[in-house]
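Dear colleague,

I am passing on the structure we spoke of, and below it you will find my notes on the empty spaces in it. Please read them with the model open beside you.

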Amino acid sequence: MKAIITGGGTGGHLFPAIALAEELRSRRTDVSLLFVGVEGGIEASLLATRGWDFEGIRASGLQGKRLLSRLRSLTLIPSGLIRALSILRRFRPDVVVGFGGYASAAMVLSGVLARVPTVIHEQNALPGLANRWLGRIVDSVAVAFEEASDFFPKSKVRVTGNPVRAELFGVSRAEAATRLGLDPNRFTLLIFGGSQGAHRLNQAVMEALPKLTDERERIQFIHATGPRDLSLVRQGYDALGYSAAVEPFFQAMAVAYAIADLCFCRAGAGTVAELCALGKPSVLVPFPFAANDHQRYNAEALVASGGARMVLDHDLSGATVAEIIRTFLRDREGLEVMAHRAKSLEKPDAAIRLADLVTLTACQAPGAKFYVGFQVSHARFHVGDPKPKTRNPKLETGNCSDV
């Protein structure tokens, strides 16, 4: 099978895409995969370090931008579609899978126009406008949250969950402490705001430090600052004598998660999925300018289970952060309950479910040219007969699981 996986701009779009690619590759080593994302975006470097093939499209977002930036983004749309169609002609995929991001819409739309089977994956509880529109014309829609199903045609949508990278698992607390130069027995807070950091989180934590000096010997920090606040945050910890591992971005998030007792973070869909998969208690601060305020809806889904607390961005302050840290320092049982409830929302087979849907779409969608021989590991998406007939009369076989 040949598949184009498209998405990026943020880790929230990219990391689930990588998890899908890993699952597909684990089934057949000869599967041919091509990632398509924004030219010059973070995806190019992250994918290169992992050995995945990548091609870029010039694209930019529209929401939340000033007028001139929007106009520039609009001018990139025609060239983006032309570039996407060119990639399709050269690569000749059996399926296109879109994960969101500026380049994803162009690539998925090109797949629809070229009659290539198409799938989109919506990571958020509240879908964005682009995916709501694409959901009407693609062959299949995968959603991470049950709440998102109502925004798409019932015949197309499947709840798969949000795939989580396999690399996040398997690191022990002791190993993580050694690699980060921290004490495995101290209460450890992990602060991060996505691939670019979060200035408001950084600022609030720095304001909290002077209020926690009496607890300094009991706590330590892991802090992903983003590139702009790195020096400021390092100086803040050093000036007050706190133990902290501070980096602009932790490539090995498995290590950071492994020793974390409590996470302070934004509420991107990928982050929420990782917190659930790893069973990590969290304080979620939704980014208030996210499209359609979707991070708040993501956070509410986890808060409703009892697996997290939510603090709105306008309520965030040093005093709030200090109070929360003091509360959990004295309530370890409460943290354990939060961890268990977060874990209860985990969908450990999300990558498997999504890979199954992608594979079935590749051979059953109208216009499919996919051949028999690629394994579908579960029949969970079959309706009625476990070996359903294809909707494409030109396909010689009735299903994809005859291996």
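**Pocket and cavity linings**

By class, 18 nonpolar, two polar and seven charged residues make up the lining of the second largest pocket. Please keep in mind that the model is a predicted one.

This second largest pocket holds about 490 Å³ of space, and of the 27 residues that line it, those nearest its centre are Asn162, Val164, Glu346, Lys347 and Ala350. Two or more lining residues come from each of the helices α1 (11–27), α10 (269–278), α11 (294–305) and α14 (350–364), and among the contributors it is α10 that gives the largest share, namely four residues.

Turning to enclosed space, the count comes to one cavity of 30 Å³ or more, and the volume of the largest cavity is about 50 Å³. Its lining is formed by Phe15, Pro16, Asn162, Pro163, Val164, Arg165, Gly270, Ala273 and Glu274, which divide by class into five nonpolar, two polar and two charged residues. At least two of these lining residues are supplied by α1, and at least two by α10, with α10 providing the largest share, three residues.

When you look at the two spaces together, you may wish to start from Asn162 and Val164, which lie among the residues nearest the centre of the second largest pocket and also belong to the lining of the largest cavity. Helix α10 is likewise worth displaying, since it gives the largest share of the lining both in the second largest pocket and in the largest cavity.

With best wishes

How values were computed
Residues are numbered from 1 along each chain as its sequence is written. This is a predicted model: local features need pLDDT of at least 70, side-chain atom pairs count only at pLDDT 80 or more; totals for chains, interfaces and linings use all residues. Side-chain values use heavy atoms; hydrogens and water are left out. On a 1 Å grid over the protein atoms alone, a cavity is a set of points where a 1.4 Å probe fits but cannot get out, and a pocket is an open set with protein on both sides within 12 Å along at least five of seven lines; lining residues have an atom within 4 Å of a point. Grid points are joined across faces, edges and corners, and a volume is the space filled by probe spheres set on the points. Ala, Val, Leu, Ile, Met, Phe, Trp, Tyr, Cys and Pro count as nonpolar, Asp, Glu, Lys and Arg as charged, and the others, Gly among them, as polar.
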